[in-house]
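The exercises below ask you to read a chain from its overall layout down to individual residues. Work each task with the coordinates open before turning to the solution.

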Amino acid sequence: MKLTQSQFFSLSYLVLKNLRDSAPKRTGNLAFNAIKMEFKGNEARIYIDQSIAPYMIFTNQPWIS
């Protein structure tokens, strides 16, 4: 199945929204500032900017306090 450009953009933004919705939101920094998307040609790159949320790698670790 080949997507139109509009369908591709819509699907990419849906994936971005789902990722942001499932991210921890104590401050919202990871979900709303560090998760980014950029388009290059016919590709969408969704990534976490670790300079904004360097703690991201620890969010899946068990909380031990």
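**Exercises on a predicted model**

**Exercise 1.** Locate Asp49 relative to the strands, decide whether Asp49 is buried or exposed, and list which residues it touches beyond its sequence neighbours.

*Solution.* The starting point is that this is a predicted model, and the values that follow are computed from it. Asp49 lies in the segment that comes after β2. Its relative accessibility is 18%, and because the cut-off for buried is under 20% relative accessible area, Asp49 counts as buried. Once residues up to four places away in sequence are set aside, Asp49 touches Ala34 and Lys36.

**Exercise 2.** Determine how many helices and strands the protein chain has, in what pattern they follow one another, and how its radius of gyration stands against the globule rule.

*Solution.* The count comes to 2 helices and 2 strands, and reading along the sequence gives the pattern α-α-β-β. The radius of gyration is 14 Å, well over the 11 Å that the globule rule gives for 65 residues, so the protein chain is more spread out than a compact globule. The C-alpha trace spans about 50 × 20 × 20 Å along its principal axes. As for burial, 20% of the 65 residues count as buried, while the chain exposes about 5400 Å², of which carbon and sulfur atoms supply 56%. Finally, among contacts with a separation of 6 or more, 33% come from residues 24 or more positions apart.

**Exercise 3.** Describe how β1 and β2 pair, and state what joins them in the hairpin.

*Solution.* Strand β1 covers residues 35-40 and strand β2 covers residues 43-48, and the two pair in the antiparallel sense over 6 bridges. Within this pairing, Met37 has Ile46 of β2 as its bridge partner. The two strands form a hairpin with 2 residues between them, and in the turn Gly41 has a positive phi of about 60°.

**Exercise 4.** For Ser12 and Tyr13 in helix α1, establish whether each is buried or partly exposed, and identify which residues each one touches.

*Solution.* Take Ser12, which has its place in helix α1, residues 5-22. With a relative accessible area of 7%, Ser12 is buried. Leaving out residues up to four places away in sequence, Ser12 touches Met37, Phe39, Ala44 and Ile46; of these, Met37 and Ile46 are the bridge partners named above.

Turn now to Tyr13, also found in helix α1. Tyr13 has a relative accessible area of 49% and is partly exposed. Apart from neighbours within four places in sequence, Tyr13 is in contact with Met37 and Phe39. The C-alpha atoms of Tyr13 and Lys40, which are 27 residues apart along the chain, are separated by 15 Å.

**Exercise 5.** Find which residues make up the largest nonpolar core, which elements give two or more residues to it, and what Ala31 touches.

*Solution.* The largest nonpolar core has 9 residues in all, namely Leu16, Ala23, Leu30, Ala31, Ala34, Ile35, Met37, Ala53 and Met56. The elements giving two or more residues to this core are α2 (29-34) and β1, and α2 gives the most, with 3 residues. One member of the core is Ala31, which touches Arg20, Ala23, Pro24 and Lys25 when residues up to four places away in sequence are not counted. Of those four, Ala23 also belongs to the core.

Methods. Residues numbered from 1 in each chain as written. Predicted model: local features only at pLDDT ≥ 70, side-chain atom pairs only at ≥ 80, totals over all residues. Heavy atoms only, no water. Pairing = 2+ DSSP bridges. Helix = DSSP H or I, 4+ residues; strand = E, 2+ residues; numbered from the N terminus. Buried < 20%, exposed > 50% of the residue type's maximum accessible area, 1.4 Å probe, protein only. Contact = heavy atoms within 4.5 Å. Core = buried A, V, L, I, M, F, W, Y, C linked by side-chain atoms within 4.5 Å. Rg over C-alpha atoms; globule rule 2.2 N^0.38 Å. Areas by Shrake-Rupley, 256 points an atom, 1.4 Å probe, with all protein chains shown as cover.
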